[in-house]
Amino acid sequence: MTVDRIIIEKNTKDIYENISIFKNLKWIPRFLITMSLGFSMDKRTPIEIKEPIVLKQFLKSEEFALIQSIAIKNYDNNVQILNDEEKVFKAAEEYANTGIKILKDMEDRNQLGSFLKNFEKLILDEIDQLEI
Amino acid sequence: MQIDLFEKPKFTAKPFLKWAGGKKQLIDDIENVLPKKIRKTHKIEQYFEPFIGGGAIFFYLASNYHIKESFIYDINKELILTYNAIKRDPDELINELSSLEKDFLKRDDEKRKEFFLNIRKKFNEVIPDFNFDVYSREHVIRASQTIFLNKTGFNGLFRLNKKGEFNVPMGRYKNPKICDSVNIKNVSSVLKNVKIFNKSFKESEDLITDKSLVYLDPPYRPLNKTSNFTSYSENEFNDKQQAELAEYFNKITEKGAYAILSNSDPKNEDENDNFFDDLYSDYNIKRVKAKDSLKRLNNELTGIPNLKEMEEKREKYRKKEEEFNEVINKKEDEKEKLILNSAPYILSFLALNNSSNIIQYKIDNNELPPPIDQEVVESALKKEICTICGRHLDTDSVIFAENLLNTINLSNDLVKILTNIKTPLSKNIDLAKRFKEKRNTIMEDIRFNKKNLNEVVEEIQKIDKDKGGYDDELIKQKYIHRTTLETNLKDFEDYLVGYKAEKVTISNTLENKQVIENKYLKDAEKTAEISRKITLCDDYVKILTRIKDSIMDETKNLIEDLTNELFFRFIWKEDVFKKVLIDKDYSMNLIHVSGYNSLGTASAGERELLALSFTLALHNVSGFHSPLIIDTPVARISGVHRENFANIFLEVSKNQQIILLFTSDEYSENISSLFKENDIKEYLINLADNYKTKSTIGGV
């Protein structure tokens, strides 16, 4: 089955549109952030009601490569998974579904202005932890 | 209900023209000598300024005191025209000035000069036909030209020559403020109830009362003879006028008016010059040095913060604060963008690194089939010929090619995918790795700008702290006043430099002229001397001529008298002739008894007798006693008269040697006998043979 668009959980669309740090971002970077966040927490959340957000063809090669690398890792380093685009995107979308919830939670817990700082801290901690 | 007739100052107006000898720097000194009552109540019943000029004192008083009635005068008609135009049509004037300002400022230096000269030419051209007496729109245009020329002219001077023409060259101002619309409106409001006159100071005398405050700022008396800059208008103001002003001053103070007058102090140049001390000996004279006001103000302001300067400084810091905040915000935005763009690759770094390693491992272990051209293999199978070496494919080769083609078909998609994502994965890993460095650079910039921002904020806080507790408005005014004084002082110093240079030029010219004048004077003296001598000579000549004429007349008269005497003694005819007259040119007239000149009709004997009388008279009068020789004395005399002549000759010979040359025919017996009787010497002259006669002289 050909995947032609990226989907999110329907009831998270509002969150995507209202979350402060996303206000100047388009859908693909928003999706990549939530996907990566979900991946870093190693938690996939299945999508109950699908809501397409953007056509896959708009992904740049670097962005698509990121989604594919997550799929490889998620399927025990089996590169064959890349032949199954549906699974590749399913993993990405379920990680994003986790990521948006974490992000919402972060925003809710932080005062205005400190959300980005905490998000930055999260990134810096990640860099330290992974020794990037 | 009590009605306050005093016009309360509602506006702060200042001079709208830069005026030579403006009194802004003397405001404090003049205010200090105002009557105590005025200083206390800030109320002035009547204010007169008969030499309004730039009006610095008037505008100051009008802006700070309640003046019930004001009267201003000036003999300069251009100045008064401008005052009236501002008073009556400030908005139209602002329009005109604004238009001139725009036109002027948009041009480059060269074009500005052309523009200036053009306005000056227009201004001067209309003078002969301009109607100053009847107010019209032309007055507004002319007022705008006056202000324009004043604001753009050299040193802001407004100087007219004797013909009333503006003759100041263009100044060097970068962006002169030509149209100060706020001040023009304020000046107009102040002038609304002011009576303005284009008249001499003397005309104000009748209106001045014991309630009047009069400030007189006449053209300064030049400090030395070569710096005569009192011609502020085409009407000069010399010592005679200064004396007349002093007389006017006496009259108005006698009326009870309170009068203040300012002028230059000639003692600065010559301490023995008591010109004003003598003129105003009955009044208090306060000598003010231009720098004194500034010094006093500086003392007053010592230790008091310059609020205006502080506010300007604060405004500068505030702008810097804005700039730093702007940079910081920009950098924060840049950092946010970097975080959000990099976050996916950092959070997924494990996956990226893992995939990249897997692909690299497969490449390193040849797990990824080499890239084979599917079309080449298919073509070889079809033709059963190797497309590379051209050999016919055997069975083994065909089987190998068929297996290869199957492998290609089976793995091609995955290989493609893995190969395609290799480079993007590397880019993503690189992006994640470079995040920290990029962020650090941005953070460094933010820290730097925040440090600057903090410093600026501290400065602003310090200024706010320093400003606390002072009367802002009062101090601000004093600082503004000080700036004005400093500007004026600088202007005066500039003027002084200009005037000194002009003085040197004039002195040089004067010296040259004096040299020429001395030469002329010497020449004139010589000419006068020569002229005197010529006159003297002329007089001598006249006297001598008169003497000569007198002598000549006297001589002639003597000769005439003697000739008459002799003639009438010798003449044997009685009662025929009346007298002998001799003219000035010694022509002879023998007047007949009948009254006519009978010389032409006289006989030869009468003529000879007359000639003899005249000759003898001549001899006698001249005192020259030479022998008298008469050739053939009686040749033309007939008969008996010859003897008469002989007797005459005998008589004459008593006093005078006489030689008579007779021919034989003439020398008659009678004559000879007569001569012999009287012992007259005779000589016989014989002519030579070749002349048919013998020439010999022998005594007888």
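1. A salt bridge is taken here as a side-chain nitrogen of Lys or Arg within 4 Å of a carboxyl oxygen of Asp or Glu. Asp128(A) and Lys436(B) satisfy this criterion, with their closest N and O atoms 3.6 Å apart. The structure under review is a predicted model, and the remarks below should be read accordingly. The count between chain A and chain B is 4 salt bridges, and over all chains the structure holds 39.

2. The interface between the two chains draws on 34 residues from chain A and 32 residues from chain B. Together the chains bury about 3100 Å², of which 74% lies on carbon and sulfur atoms. On the side of chain A, the residues that lose the most area to chain B are Glu62(A), Glu120(A) and Ile132(A), which together account for 19% of what that side buries.

3. Polar contacts also cross this interface: 8 residue pairs are found, with both partners at pLDDT 80 or more. On chain A, the elements giving two or more residues to the side that touches chain B are helix H2 (27-40), helix H3 (61-74) and helix H5 (114-130). The residues of that side of chain A divide into 20 nonpolar, 8 polar and 6 charged.

4. Within chain A, two salt bridges deserve comment. Lys56(A) and Glu85(A) meet at 2.4 Å, N to O. This pair links distant parts of the chain, as Lys56(A) lies in the loop between strand S2 (50-55) and H3 of chain A, while Glu85(A) belongs to helix H4 (residues 85-109) of chain A, 29 residues apart. Lys56(A) is buried at a relative accessible area of 19%, whereas Glu85(A) counts as partly exposed at 22%. Since buried means under 20% relative accessible area, the two partners fall into separate classes on the values of 19% for Lys56(A) and 22% for Glu85(A).

5. The second pair is Lys121(A) with Asp125(A), whose side chains meet in a salt bridge of 3.3 Å, N to O. Both residues lie in helix H5 of chain A, 4 residues apart, or about one turn of the helix. Lys121(A) is partly exposed, with a relative accessible area of 48%, and Asp125(A) is partly exposed at 37%.

6. In chain B, the side chains of Glu96(B) and Arg137(B) form a salt bridge of 2.5 Å, N to O. Glu96(B) lies in helix H5 of chain B and Arg137(B) in helix H7 (residues 137-152) of chain B, so the pair ties together parts that are 41 residues apart in sequence. Arg137(B) counts as partly exposed, at 42% relative accessibility. A further group, made up of Glu120(A), Glu332(B), Lys335(B), Arg439(B) and Lys450(B), is joined into one network by salt bridges that share partners.

7. Chain B contains 19 helices and 11 strands. Of its 700 residues, 39% count as buried. Among the contacts in chain B with a separation of 6 or more, 72% come from residues 24 or more positions apart.

8. Helix H3 (residues 56-64) of chain B has 7 of its 9 residues buried, so it is largely enclosed by the rest of the structure. Its buried residues include Phe58(B) and Phe59(B); ring pairs link these two with Phe16(B), Tyr47(B) and Tyr83(B) into a cluster. H3 of chain B is also one of the elements against which the buried residues of H8(B) pack, the others being strand S2 (66-73), helix H4 (77-88), helix H5 (90-105) and S3 of chain B. Among the buried residues of helix H8 (residues 181-191) are Ile184(B), Val187(B) and Leu191(B).

9. The aromatic pairs number 33 over all chains. One of them is edge-to-face, formed by Phe201(B) and Tyr248(B), at 5.1 Å centre to centre and 90 degrees between the planes. The pair links distant parts of the chain, 47 residues apart: Phe201(B) is in the loop between strand S3 (194-197) and strand S4 (212-216), and Tyr248(B) is in helix H9 (residues 239-254) of chain B. Both Phe201(B) and Tyr248(B) are buried.

10. Two individual sites in chain B may be noted. Ser356(B) sits in helix H13 (residues 349-364) and is buried, with a relative accessible area of 18%; beyond residues up to four places away in sequence, Ser356(B) touches Leu425(B) and Ile429(B). Gly600(B), by contrast, is exposed at 66%, in the loop between strand S7 (588-592) and helix H17 (604-622). The C-alpha atoms of Gly600(B) and Leu590(B) are separated by 8.7 Å, the residues being 10 apart along the chain.

Key:
Residues are numbered from 1 along each chain as its sequence is written. Chains are lettered from A and ligands numbered from 1 in the order in which they are written. This is a predicted model: local features need pLDDT of at least 70, side-chain atom pairs count only at pLDDT 80 or more; totals for chains, interfaces and linings use all residues. Side-chain values use heavy atoms; hydrogens and water are left out. Contact means heavy atoms within 4.5 Å. Buried area is the accessible area (1.4 Å probe) that two parts lose on being put together, summed over both. A polar contact is a pair of N or O atoms within 3.5 Å; within protein, one must be able to donate a hydrogen and the other to accept it, and residues adjacent in sequence count only if both atoms are side-chain atoms. Ala, Val, Leu, Ile, Met, Phe, Trp, Tyr, Cys and Pro count as nonpolar, Asp, Glu, Lys and Arg as charged, and the others, Gly among them, as polar. Rings of Phe, Tyr and Trp (its six-membered ring) pair if their centres lie within 6.5 Å; planes under 30 degrees apart count as stacked, over 60 as edge-to-face and the rest as tilted. Buried means under 20% relative accessible area, exposed over 50%, partly exposed in between (1.4 Å probe, protein chains only).
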